[in-house]
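Trainee: Before I rely on the labels attached to this model, could we go through how each one is earned?

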Amino acid sequence: MMKNITSIHTLEKAKKHVKRPRWIMLSQLRIGGVPKRLLLLNLIATTIYTVGVLSTLYASTLEPTLSKSILMSSGLINGLAMITLAVFVDPQVAILTEKVMKGESTKQSMNKMVGTLVISRLCGTVCAQILLVPAALYIAWICKLIP
């Protein structure tokens, strides 16, 4: 598979299908129709998912004596992100998908929603990089309080 993907012929064909992003493409990904609250919750959940495991690993190096309890807290952190996604984000996405399937909404509105959700996930990943060290310090501090 890797041999076929990286062949010269495949790469030449890819040039025809890959386009540089243009302003008009970005302007079509407007927030319109997608609630800002949904984007914010998606951003927060993605931030928590991304920072959850990495910050616990870093916190365990900061406090080696508490490393077992710190590493076990990763599941609690990611559980919060999972609940946020399952309760708030996924039902909204399912409702819009159902409207498109019934013909009550256009496929273009679905594409806009997917695009804006991808952008909010990208922003959540960037936020997680910024919060990595503070989250690790916070997790280490919380685990020190637990007897």
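The exchange below sets several labels against their cut-offs, bearing in mind that the model is predicted.

Trainee: Why is H4 called roughly antiparallel to H5?

Mentor: The axes of helix H4 (residues 36-62) and helix H5 (residues 67-102) come within 9 Å and cross at roughly 170 degrees; since angles over 145 count as roughly antiparallel, H4 is therefore roughly antiparallel to H5. The residues of that contact divide into 17 nonpolar, 10 polar and one charged.

Trainee: How do you know where the kink in H4 is centred?

Mentor: The bend of about 35 degrees is centred on Gly52, and it is taken as the angle between axes fitted to the seven residues ending there and the seven starting there. H4, with 27 residues, still reaches 37 Å from its first C-alpha to its last, which is close to the 39 Å expected at 1.5 Å a residue.

Trainee: What makes the aromatic pair of Tyr138 and Trp141 tilted?

Mentor: The centres are 6.1 Å apart, and the cut-off for a pair is within 6.5 Å. The planes are 35 degrees apart, whereas stacked needs under 30 degrees and edge-to-face over 60, so the remaining label, tilted, applies. Both residues lie in helix H6 (residues 107-145), three residues apart, about one turn of the helix.

Trainee: Why is Tyr138 called exposed, and why does Trp141 count as partly exposed?

Mentor: Tyr138 has a relative accessible area of 52%, and exposed means over 50%, so the label exposed follows for Tyr138. Trp141 is at 48%, and values between 20% and 50% are partly exposed, so Trp141 counts as partly exposed.

Conventions. Residues numbered from 1 in each chain as written. Predicted model: local features only at pLDDT ≥ 70, side-chain atom pairs only at ≥ 80, totals over all residues. Heavy atoms only, no water. Axes fitted to C-alpha atoms, helices over the stretch in contact; angles between N-to-C directions. Helix = DSSP H or I, 4+ residues; strand = E, 2+ residues; numbered from the N terminus. Parallel < 35°, antiparallel > 145°, perpendicular 65-115°, else oblique. Nonpolar A, V, L, I, M, F, W, Y, C, P; charged D, E, K, R; others polar. Expected span 1.5 Å × (residues − 1). Phe/Tyr/Trp six-rings, centres within 6.5 Å; stacked < 30°, edge-to-face > 60°. Buried < 20%, exposed > 50% of the residue type's maximum accessible area, 1.4 Å probe, protein only.
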